[in-house]
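Hi,

Here is the structure I promised to pass on. Have a look at it first, and my notes on what turned up follow underneath.

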Amino acid sequence: MSESPTDSTTASTSERDPKDLRRVTLTRDSVGRYTARNDRGGSITLSSGTDELSPVELLLAGIAGCTAVDVDTVTTRRAEPEQFEIEVTADKVKDEHGNHLQDIEVRFRVRFPEGDGGDAAREMLPKLVKRSHDEWCTVSRTVEMGTPVTTTVE
């Protein structure tokens, strides 16, 4: 069975439904320092060798942020967390495959208050973390699936 040409998994950028397209544009500010902007006007500065986040750290932050939204949105309906922290670690290696990350780990440190709401949030937390990892978090799902990256020079 063939897929339709408008299917977002097979369509070129110009054929995709605009609501499915995600885009950032990166511009050079100075040597080793860049600003990434999205179509909504948000921006973040990144660099290498400074106190600012590096591209690798932004990837890890993307994993943390994506799964945080998934989990926090639902648990907060039951109780406001007293602590909500996600730590993502990975080993950067250089081997026959080039530079890459391995052993990415995501650790949730979430605490809810005592009471019925906190109990409900605590009970659902492990299930939500699993659903985020297995289904919802676009960032970590993309990393795990190994999506190809195409580059062009214009």
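Let me begin with Phe84, which counts as partly exposed because its relative accessibility is 27%, and the band for that label runs between under 20% for buried and over 50% for exposed. Bear in mind throughout that this is a predicted model. Phe84 sits in strand S4. Leaving aside residues up to four places away in sequence, Phe84 touches Ala68, Val71, Asp72, Arg109 and Val110. With Asp72 the sequence gap is 12 residues, and the two C-alpha atoms are 8.3 Å apart.

Strand S4 covers residues 83-95 and runs antiparallel to S5, with 12 bridges joining the two. The link between S4 and S5 is a hairpin through two residues. If you want to check the register, Glu87 stands opposite Arg107 in S5, and Thr89 stands opposite Glu105 in S5.

One residue in that second strand is worth a click. Asp103 is found in S5, which spans residues 98-111, and Asp103 has a positive phi of about 55° although it is not a glycine. As a reminder, most residues other than glycine have a negative phi.

Now the packing. Which residues make up the largest nonpolar core? There are nine of them: Val71, Val74, Ala79, Val110, Phe112, Ala121, Met124, Leu125 and Leu128. Helix H1 (55-75) and helix H2 (116-136) each supply at least two residues of this core, and H2 gives the most to it, with four residues. For a contact within this group, look at Val74, which touches Met124 and Leu128 when residues up to four places away in sequence are not counted. Apart from this core lies another one, of six residues, including Ile63, Ala64, Ala68 and Ile86. Two of the residues that Phe84 touches, Val71 and Val110, are in the nine-residue core, while Ala68, also touched by Phe84, is in the six-residue one.

Next, the other set of strands. Three strands form an open sheet in the order S1-S2-S3, with antiparallel pairing. At the edges are S1 (24-30) and S3 (43-47), each of which pairs on one side only. From one strand to the next the twist averages 25°. Here is how the pairs break down:

- S1 and S2 run antiparallel and are joined by six bridges; Val24 stands opposite Asn38 in S2.
- S2 (residues 33-38) and S3 also run antiparallel, with five bridges between them; Thr35 stands opposite Thr45 in S3.
- The hairpin of S1 and S2 has two residues between the strands, and Gly32 takes a positive phi near 75° there.

Then there is the pocket. The largest one has a volume of about 1800 Å³. Its lining takes in 40 residues, and those nearest the centre are Arg22, Arg23, Val24, Thr138 and Thr142. So that you know where to look, which elements contribute to the lining of the largest pocket? S1, S2, S3, H1, H2 and helix H3 (138-145) each supply at least two residues. The largest share, six residues, comes from H3. Val24 therefore turns up twice in these notes: opposite Asn38 in S2, and among the residues nearest the pocket centre.

Finally, two loop residues. Is Ser54 buried or exposed? Ser54 lies in the loop between S3 and H1, and it counts as buried because its relative accessibility is 18%, with the cut-off for buried being under 20%. Ser54 and Gly146 are 92 residues apart in sequence, and their C-alpha atoms are 21 Å apart in space.

Arg77 is found in the loop between H1 and S4. With a relative accessibility of 59%, Arg77 counts as exposed, since the label applies over 50%. The C-alpha atoms of Arg77 and Leu60 are separated by 26 Å, with their positions 17 residues apart along the chain.

Cheers

Terms used:
Residues numbered from 1 in each chain as written. Predicted model: local features only at pLDDT ≥ 70, side-chain atom pairs only at ≥ 80, totals over all residues. Heavy atoms only, no water. Core = buried A, V, L, I, M, F, W, Y, C linked by side-chain atoms within 4.5 Å. Buried < 20%, exposed > 50% of the residue type's maximum accessible area, 1.4 Å probe, protein only. Contact = heavy atoms within 4.5 Å. Pairing = 2+ DSSP bridges. Axes fitted to C-alpha atoms, helices over the stretch in contact; angles between N-to-C directions. 1 Å grid on protein atoms, 1.4 Å probe; cavity = no way out; pocket = protein on both sides within 12 Å on 5 of 7 lines; lining within 4 Å. Points joined across faces, edges and corners; volume = space filled by probe spheres on them.
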